[in-house]
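User: Could you walk me through this model? I'd like to know how its parts are defined before we get into details.

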Amino acid sequence: MSTSTAVGSLTVRALDPLQDAELLHGWLTHPKASYWMMQDSRLEDVERAYMEVAADEHQEALLGLRDGEPAFLMERYDPVHRELVGLYEPEPGDVGMHFLVPATDTPVPGFTRAVITAVMTHLFADPRTARVVVEPDVGNKAVHALNEAVGFVPEREIQKPEKKALLSFCTREQFERAMSV
């Protein structure tokens, strides 16, 4: 993926659980990342968590780059096997997604919107992806607004083991319609 945006060129590369762990540890333990529920994680915990992701055929983690520099985290998962097992009826072509834009002292207006757009573009670049599924915390109003901006429609609240989540979907057509506005 390489997307030119008003905030720079956004690309992704495979995350290296050992090489990238220190960077991720700083991002995931920051108070702004509280919805990731890794606030008290040690560096080894982050390494272990992403080594498990790397070894799992049903999920992957990607490091997002802005003009070649690490700038965001993207996770893709198969909701048939991870995160939402037994919590909804998956359809063929469903793909689950998480993303994190780390806290910064120098925020760039429009950056987070550009990131979620690039993430969705990346997911729909795979012709097998028919619909993207997300399950943000019901209290994360900022991400709900971002999700809506790229075409997600909330379906219902679900109770996951770690949180009450807002199950939402975005089809390829909904994403394309949101991008044409």
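Analyst: Helices and strands here are DSSP runs numbered from the N terminus, a helix being H or I over at least four residues and a strand being E over at least two. The model is a predicted one, so local features need pLDDT of at least 70 and side-chain atom pairs count only at pLDDT 80 or more, while totals for chains, interfaces and linings use all residues. Residues are numbered from 1 along each chain as its sequence is written, and side-chain values use heavy atoms, with hydrogens and water left out.

User: OK, Ser41 then. Where does it sit? Buried or exposed?

Analyst: Ser41 is placed in the loop between helix 1 (21-28) and helix 2. Its relative accessible area is 15%, so Ser41 counts as buried; the cut-offs, with a 1.4 Å probe and protein chains only, are under 20% for buried, over 50% for exposed, and partly exposed in between.

User: What is Ser41 in contact with?

Analyst: Once neighbours within four places in sequence are left aside, Ser41 is in contact with His25, Thr29 and Val46, where contact means heavy atoms within 4.5 Å.

User: Switching to the interior. How many residues are in the largest nonpolar core, and which have the most contacts inside it?

Analyst: There are 28 residues in the largest nonpolar core, and Met97, Phe99 and Met120 have the most contacts inside it. At least two residues each come from strand 2 (8-14), strand 4 (69-77), strand 5 (94-100), helix 3 (111-125), strand 6 (131-134) and helix 4 (141-149), with helix 3 giving the largest share, 9 residues. A second, separate core has 16 residues, Leu28, Ala61, Leu63 and Leu73 among them. Such a core is a set of buried Ala, Val, Leu, Ile, Met, Phe, Trp, Tyr and Cys residues joined through side-chain atoms within 4.5 Å.

User: Why would one expect nonpolar side chains to be buried together?

Analyst: That is a general tendency of soluble globular proteins.

User: Back to Phe99, what does it touch?

Analyst: Phe99 is in strand 5, and it is buried because its relative accessible area is 13%. Not counting residues up to four places away in sequence, Phe99 touches Trp36, Leu73, Met74, Thr112, Val115, Ile116, Val119, Val143 and Leu146. By the same kind of count, Met120 touches Met97, Val132, Val150, Phe152, Cys170 and Phe175.

User: Now pockets. How much space lies in the largest pocket, and which residues are closest to its centre?

Analyst: The largest pocket holds about 950 Å³ of space, and of the 32 residues lining it, Tyr35, Trp36, His98, Phe99 and Lys163 are the closest to its centre. The search uses a 1 Å grid over the protein atoms alone: a cavity is a set of points where a 1.4 Å probe fits but cannot get out, a pocket is an open set with protein on both sides within 12 Å along at least five of seven lines, and lining residues have an atom within 4 Å of a point. Grid points are joined across faces, edges and corners, and the volume is the space filled by probe spheres set on the points.

User: How does that lining split by class?

Analyst: The lining of the largest pocket has 18 nonpolar, 5 polar and 9 charged residues, where Ala, Val, Leu, Ile, Met, Phe, Trp, Tyr, Cys and Pro count as nonpolar, Asp, Glu, Lys and Arg as charged, and the others, including Gly, as polar. Helix 2 (43-54), strand 5 and helix 4 each supply at least two residues of this lining.

User: And how much space lies in the second largest pocket?

Analyst: About 230 Å³ lies in the second largest pocket. Of its 15 lining residues, Val101, Pro102, Thr104, Thr106 and Phe111 lie nearest its centre, and strand 4 and helix 3 are the elements that give two or more residues to the lining.

User: Last topic, strand 8. What does it pair with?

Analyst: Strand 8 (residues 164-171) pairs in the antiparallel sense with strand 7 (residues 153-159) over 6 bridges, and with strand 6, also antiparallel, over 4 bridges; pairing requires that DSSP finds at least two bridges between two strands. Ser168 in strand 8 stands opposite Pro154 and also opposite Val134. Strand 8 is largely enclosed by the rest of the structure, because 6 of its 8 residues are buried.

User: How are strands 7 and 8 joined?

Analyst: A hairpin joins them through 4 residues. Val153, which is in strand 7, has Phe169 as its bridge partner in strand 8, and with a relative accessible area of 42% Val153 is partly exposed.
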